[in-house]
Amino acid sequence: MTAGPLNGIVVLDISKALAGPIAAMMLGDMGARVIKIETPGSGDDSRSWGPPFAGPDNDQSSYFMSANRNKESIELNLKSVEGKEVLAKLIAKADVLIENLRPGAFDRLGFDSENIERLNPRLITLSVTGFGHDGPEGSRAGYDQIAQGEAGLMSLTGSPETGPTRIGVPIADVLAGVHGAAGVSAALAGREKTGRGMVVRTSLLAAAVSAHTFQGAKWTVAGQVATPTGNHHPQIAPYGSFRCEDGYVQIAVGSESLWRTFAPVVGLSSNDERFASNSDRIAHRDELIGEIEAAFALRKRAEILAELTRLGVPAGAIRTIDEVYEWEQTRSQGLLVEVDHAVAGKVRLPGPSVRMETAAGESLLRPVHDAPPILGQHNASVRAWLEDDDRPVPSEYDGPTLAHAGSAVLR
């Protein structure tokens, strides 16, 4: 057992790739026991996504590792009678099941909502789809870049010169996982009141649209369609990145008081009519950028950042990924963890983004993280755990019927 508010909760992760696995990993970070169910021989699709790979045989995908810490792995052929019987037993014991198959695929395996209800009326199911489980395009497969485009995120990203640009991380997948984990957490709290489970649904489309924030309201409220503005905020100025002698400085002047503080740094009067208000600065954005970069042209990044920090003007550097993980602030927040992988040995991974502490500062989360599992690493231990349990699978379940062609019943 591990520390964490979800200690004692059992999660079945039948999902692949990223959105579902991220949701399951977040629950594992909170102390849940996560059992990842994988296709024999191949496992999660992301196990083959690379390079880069790690391990003595260079066969452990860094992509897979990024979303599967704190999990156990068992291989099950869900098209076989035996595989379905084992899954049914796992469902009967579990608290949460996470799947991201195409709509209807899990039903066709014999595990529709009614049958799951018979097996475990307290089970919470998280279903993650590409575009929603229903609606005119609910049957479409979901991949992050396609969702980014369909949900409008790419139309907001990049610059007029680059055109629509993919966000550099799979943001639709990531946000779907985060929303899914939040939904499961709420469902677990709700179960304490009702004693019954429920189905939680989210999608890459829903997650991406949820990220629109003010860009979405710009259309729904004001009827304006947002366009790419590069590294500058479309509605606040100056707010973006600016060239200096040895790179770029990022500045966020989000109020008039900050503008009055910042303007003299670049040799401007805060009362300059071109830039007197935020609306004026937006109207004369190109001029403002030129003035700032002219003032920064002969100054080094560190010098500028030191002055802005002293004045209380929000500012920062643009770090490369390696710089981020070497940054002491990143490490201080637990955002880099070391795990002992069964094949690759000591591996450093991006860490969890949530911390939970007592008022005295004592951590309430797991002190040590488990490495992402190799395929089938826990075949024996999970099966032994099932055999040790004396709770029977509900009598309505008759495993062999699942193998019959076209059958979708557990009774």
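Select helix H14, residues 301-311, and look at the side carrying Ala-302, Thr-309 and Arg-310, which are exposed (over 50% relative accessible area; buried is under 20%, partly exposed in between, with a 1.4 Å probe and protein chains only). Helices here are DSSP runs of H or I with at least four residues, strands are E runs of at least two, and both are numbered from the N terminus.

The model is predicted: local features need pLDDT of at least 70, side-chain atom pairs count only at pLDDT 80 or more, and totals for chains, interfaces and linings use all residues. Residues are numbered from 1 along each chain as its sequence is written, and side-chain values use heavy atoms, without hydrogens and water.

Now turn H14 around. Ile-304, Leu-305 and Leu-308 are buried. They share one side of H14 because their arc around the axis is only 95 degrees (taken from the directions from the helix axis to the C-beta atoms).

Show the neighbours next. The buried residues of H14 pack against strands E9 (239-244), E10 (247-252) and E11 (315-316), and against helices H11 (256-262) and H13 (285-296). Contact means heavy atoms within 4.5 Å. Step just past H14 to Gly-312: its phi is positive, about 80 degrees.

Move on to H1 (19-29) and H8 (171-194). Their axes lie 7 Å apart, at an angle of about 45 degrees (lines fitted to C-alpha atoms over the stretch in contact, angles from 0 to 180 degrees between N-to-C directions).

Finally, select the residues that meet. H1 brings Ala-19, Ile-22, Ala-23, Met-26 and Leu-27; those in H8 include Asp-173, Val-174 and Gly-177.
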